[in-house]
Amino acid sequence: MNKAERTSAKTAREKIKEQQAAARARDKRKRLTTYVTAGVVAVAAVGLGWWYAASNSQPEEAAAALAPITVQADGSVVMAKQGVTAPVVDVYEDFQCPACKELERVSGQTFKNLAAEGKAKVVYHPITIFSQEPTKSNSVRAGSAARCIADGKQWMAFHDLLYQNQPSETEAGFTPDQLKNWGKEAGVTAQGFDQCVTSEKNADTQLSFSKKIIDAQKINHTPTVKLNGSEIDNSALFSPQELRQAITEAAK
């Protein structure tokens with residue numbers, strides 16, 4: 001091979017090397033693009049999941065004035081427009097129960113709105129499900145105090161304040177002084193309310209009512225919410241959209 005031929009061969013080898021380097025660079029860019037795209041898709045999927053969960057658990061806004069509320073002789077409370085008898089939504093709750101507090105935060109307004117729209121008869125059953133201290137006594141004091149209120153709107157305002165101020169499960173709470181102050185805040189006008197709270201006048205009634213309801217309805221946890229006698233699954237219970245759909249479907 002003469003000099004010209006050697007020079008030509010070297011140039012060819014260099015071109016091949018350059019082409020191979022360019023191909024490797026293209027492959028690297030392609031892999032990097034794939035990884036980034038997959039990452040973006042994954043992040044988007046996670047974000048979409050959070051958005052879906054958040055939108056599903058977004059509490060409803062208060063849409064109208066409360067439906068008429070009636071405190072019944074046994075301590076249960078009915079919220080419904082006149083003439084609305086179905087579907088019946090039974091809410092079994094314990095004022096000391098953290099999950100009940102969360103239900104109130106997430107879906108409490110949905111119950112109120114549906115009753116105000118005439119699409120359901122909502123019945124609250126405040127019970128004491130706890131058997132150990134200090135939660136049992138906390139629950140009894142709160143339930144007993146709620147029974148000192150005969151006016152429906154005042155009862156509901158007091159009910160909401162109890163959840164907003166729910167004590168820890170590990171400490172004594174719902175003290176008489178606290179309950180009396182929240183009664184004032186709720187606009188309770190019942191004569192003898194403070195004495196009724198301080199003496200825990202309705203404590204025994206709260207306990208006997210709770211046992212009766214727990215046995216009759218086979219309640220083993222709170223909150224338990226039944227729609228026309230059938231328990232609503234938690235996935236729907238803590239999703240205002242699904243809860244509204246389930247109840248409005250039952251109203252048809």
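This is a short tour of one protein model, moving from the whole chain to its sheet and then to the helices that pack there.

**The whole model**

Keep in mind from the start that the model is predicted. With the whole protein shown, you can look for nine helices and six strands, and of the 252 residues 40% count as buried. If you then turn to the contacts between residues at least 6 apart in sequence, 78% of these join residues at least 24 apart.

**The sheet**

Select the six strands next, which form an open sheet in the order E1-E2-E4-E3-E5-E6, with mixed pairing. Its edge strands are E1, at residues 69-71, and E6, at residues 230-231, and each of them pairs on one side only.

Now select E3, residues 88-93, together with E4, residues 121-126. These two strands, E3 and E4, pair in the parallel sense over six bridges, and one pair to pick out is Glu 93 with its bridge partner in E4, Pro 126. Is E3 mostly covered or mostly open? Five of the six residues of E3 are buried, and the strand is mostly covered.

Move on to E5, residues 224-227, which pairs with E6 in the antiparallel sense over two bridges. Within this pair, Leu 227 is found opposite Ser 230 of E6.

**Helices on the sheet**

Add helix H7, residues 203-217, which packs on the sheet and touches E3, E4 and E5, with a direction that makes about 120° with that of E4. Then add H2, which lies across E2, E3, E4 and E5 and runs at about 150° to E4.

**Where H2 meets H9**

Finally, select H2, residues 98-116, along with H9, residues 240-251. Two packed helices are described by the angle between their axes and the distance between the axes. For H2 and H9 the angle is about 30°, and the axes are 9 Å apart. Angles under 35 degrees count as roughly parallel, and H2 and H9 are therefore roughly parallel to each other. When you look at how they pass, H2 makes a right-handed crossing with H9.

Which residues should you show as side chains at this contact? On the H2 side, choose Val 106, Ser 107, Thr 110, Phe 111, Asn 113 and Leu 114, which meet Pro 240, Leu 243, Arg 244, Ile 247 and Thr 248 of H9. Coloured by class, this contact of H2 with H9 shows six nonpolar, four polar and one charged residues.

Key. Residues are numbered from 1 along each chain as its sequence is written. This is a predicted model: local features need pLDDT of at least 70, side-chain atom pairs count only at pLDDT 80 or more; totals for chains, interfaces and linings use all residues. Side-chain values use heavy atoms; hydrogens and water are left out. Axes are lines fitted to C-alpha atoms, for helices over the stretch in contact, and angles run from 0 to 180 degrees between N-to-C directions. Helices (H or I, at least four residues) and strands (E, at least two) are DSSP runs, numbered from the N terminus. Angles under 35 degrees count as roughly parallel, over 145 as roughly antiparallel, 65 to 115 as roughly perpendicular and the rest as oblique. A crossing is left-handed if the near helix is turned anticlockwise from the far one by less than a right angle, and right-handed if clockwise. Contact means heavy atoms within 4.5 Å. Ala, Val, Leu, Ile, Met, Phe, Trp, Tyr, Cys and Pro count as nonpolar, Asp, Glu, Lys and Arg as charged, and the others, Gly among them, as polar. Two strands pair if DSSP finds at least two bridges between them. Buried means under 20% relative accessible area, exposed over 50%, partly exposed in between (1.4 Å probe, protein chains only).
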